Structures are given as C-alpha cells and as structure tokens.
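Student: Can we go through this one together? I'll ask, you answer.

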Amino acid sequence: MKTEITWHGHAGFSITNGISILVDPFFSGNPQAKADAEDVKADLILVTHGHFDHAGDAVKIAKKNQSPIVCSFELSEIIKKEQVETIDINPGGTIEYKGVRATAVPAIHSSSYNGLYAGEAMGYIINNKDVKIYHAGDTTFFKDMELIGSVYHPDIAMVPIGGHYTMDVDGAVEALKLLKVKNAIPMHYNTFPPIKADPVEFQEKAEKLGIVVTIPGIEKTFKV
Ligand code: NI
Ligand code: MN
C-alpha cells in the first residue's frame, strides 16, 4: 500500500495517497500540537462532530486550502456562514471526492459548535482505493460496530482510548473485537488531563487478540 498517514495529535490525521484527506483538525489551543494550522495541507477535510477539539481549525484550513469540509447537516448550516464550502452528510451517506470515498457511520457522542447544536456525532469510513480506514470519531463502543466491520471491512481502525469523553483502553479493545479489524491506531488520549491513557497498554491488550497496533508520534508520517 502507498498511503501515508500523519498523526497531528488528538483525533487529527492526514491520510494521503495523491489526495490528502484531513480528519478532525485541532492545532490552535492543542497543548500537544507540533504543527501550525496555517501550514497544514488538505484537499478535503472530514469533521466527525462540532466540538472544538475536532472542528476547531477546520474553517481556517478550508479557507487557506480552498478545500471543502464534510460534516453533519447541522454543522454545515453553522459553518457555511463563515464562507467555506461544505458537503453535508449524515450516517449512512457516502461522498466521493477525486476518487476518495468517505462514508459517515454512527458514533455515540454529543455534538455542538460554539454552543450551537451541531447534529449527530459520526465516524467515517475512508476508502482511497489503496486502504480502508475507519476513523471512529469520539464514541463509546456499541454493538453495531459489528456491522461497520462486516459491511465496510476496514483495514485499519483509528479509535479513541482516553476515556472520560469516549471509550477507554478496555472499551477500545472491545470495539476492535466487534469490528474484527486487524490493525489499529490509538487516538484521543493524553491531550488533556482527564483523558490520560497508556497507548502501550492498549497495544499489549490488542496484540493478545492478534491485532497490530501502531502508536504514531505527533507529526510523524508512516506508510500503511
Ligand atoms: Ni467530542
Ligand atoms: Mn473529543
């Protein structure tokens, strides 16, 4: 496979194979960020939900790169007033952009943007014809992750492990069992004190199930 992934910290990733897909940009105000939103390149931006730690830099980066933002209908209604192009979607929907498909799937979480209700929180299945990646967004585990696994067959699952606002390490391991996925990447941990978690503990628990866990460094790029 030729896809390169860069973790920007928290839930932020760039997934690049010709086209660069940026998920959940959060640089400004992110104590772990090692890059500046001004410098990030993106052809398409996917936002899982409206919370500042996922949507915070979406508008700024969209304007700079002239790139559309994929997000929920309600979040789109809010941010399109800021003169950005949006593609509104809801769980079950798929968009295609320059050969990359992104399908919105459910997540169990809340969503607001600057105090306004922003629709349902979602995850995404991203298929760039090289690899299929499930970015779970902010969520707990839920039984329908079995369906996400059996219908979309993701190669890699990006899952929150930090607890408090999402599932924790043990919850994320349950999610991997439901998904029946072979590769996983932890996210959404150690950015703030309430979401302290040990990615090595997650790695060890997942590897007992035969799942390969990659723990990326922030702003380090790796191939999948
Ligand atoms: Ni959230
Ligand atoms: Mn979050």
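Student: Which residue stands opposite tyrosine 134 in S13?

Tutor: Alanine 157 stands opposite tyrosine 134. Strands here are DSSP runs of E with at least two residues, helices are runs of H or I with at least four, and both are numbered from the N terminus. This is a predicted model: local features need pLDDT of at least 70, side-chain atom pairs count only at pLDDT 80 or more, and totals for chains, interfaces and linings use all residues. Residues count from 1 along each chain as its sequence is written, chains are lettered from A and ligands numbered from 1 in the order written, and side-chain values use heavy atoms, without hydrogens or water.

Student: In what sense do S12 and S13 pair, parallel or antiparallel?

Tutor: Parallel, over three bridges, with S13 spanning residues 156-160. Two strands pair if DSSP finds at least two bridges between them. Isoleucine 133 also has a partner in S13, standing opposite isoleucine 156.

Student: And how do S11 and S12 run?

Tutor: S11 and S12 run antiparallel, joined by four bridges. One matched pair is isoleucine 126 with isoleucine 133 in S12. The hairpin has four residues between the strands, and lysine 129 takes a positive phi near 75 degrees there.

Student: What holds strands together in general?

Tutor: Backbone hydrogen bonds, in either parallel or antiparallel pairing.

Student: What is the strand order of the open sheet with S12 in it?

Tutor: The order is S7-S8-S11-S12-S13-S14-S15, seven strands with mixed pairing. Strand S7 (94-97) and strand S15 (212-213) are the edges, each pairing on one side only.

Student: Which strands does H4 lie across?

Tutor: H4 lies across strand S8 (100-106), strand S11 (122-127) and S12. H4 runs at about 160 degrees to S8. Axes are lines fitted to C-alpha atoms, for helices over the stretch in contact, and angles run from 0 to 180 degrees between N-to-C directions.

Student: Metals next. What coordinates the nickel ion (ligand 1)?

Tutor: His49 (NE2), His51 (ND1), His109 (NE2) and Asp138 (OD) coordinate the nickel ion, at 2.2 to 2.3 Å. Donors are N, O and S atoms within 2.8 Å of the metal (3.2 Å for Na, K and Ca); water is not among the atoms, so sites may look incomplete.

Student: What kind of geometry does the site of the nickel ion have?

Tutor: Irregular, with angles of 87 to 180 degrees among the four donor atoms. Four donors are tetrahedral if all angles lie between 85 and 135 degrees; four are square planar and six octahedral if opposite donors are over 155 degrees apart and all others between 65 and 115; anything else is irregular. The sequence spacing of the nickel donors is H-x1-H-x57-H-x28-D. Histidine 49 and aspartate 138 are 89 residues apart: histidine 49 is in the loop between strand S4 (44-46) and H1, aspartate 138 in the loop between S12 and H4.

Student: What are the protein donors of the manganese ion (ligand 2)?

Tutor: Asp53 (OD), His54 (NE2), Asp138 (OD) and His188 (NE2), lying 2.2 Å from the manganese ion. Their spacing is D-H-x83-D-x49-H.

Student: How far apart are the nickel ion and the manganese ion?

Tutor: They are 3.2 Å apart, and aspartate 138 coordinates both.

Student: Are histidine 54 and aspartate 138 buried or exposed?

Tutor: Histidine 54 is buried at 0% relative accessible area, and aspartate 138 is buried at 2%. Buried means under 20%, exposed over 50%, and partly exposed in between (1.4 Å probe, protein chains only).

Student: New topic. Where is threonine 86 found?

Tutor: Threonine 86 is found in strand S6 (residues 86-89). Threonine 86 counts as buried because its relative accessibility is 18%.

Student: What does the side chain of threonine 86 make a polar contact with?

Tutor: The side chain of serine 76, at 2.8 Å. A polar contact is a pair of N or O atoms within 3.5 Å; within protein, one must be able to donate a hydrogen and the other to accept it, and residues adjacent in sequence count only if both atoms are side-chain atoms.

Student: What is the order of the sheet with S6 in it?

Tutor: S6-S5-S4-S3-S2-S1-S16, an open sheet of seven strands with mixed pairing. S6 and strand S16 (221-223) each have a single partner strand, so one side of each lacks a neighbour in the sheet.

Student: Which side chain joins serine 14 in a polar contact?

Tutor: Histidine 8, at 2.7 Å. Serine 14 lies in strand S2 (residues 12-17) and is buried at 6% relative accessibility.

Definitions and conventions: Contact = heavy atoms within 4.5 Å.
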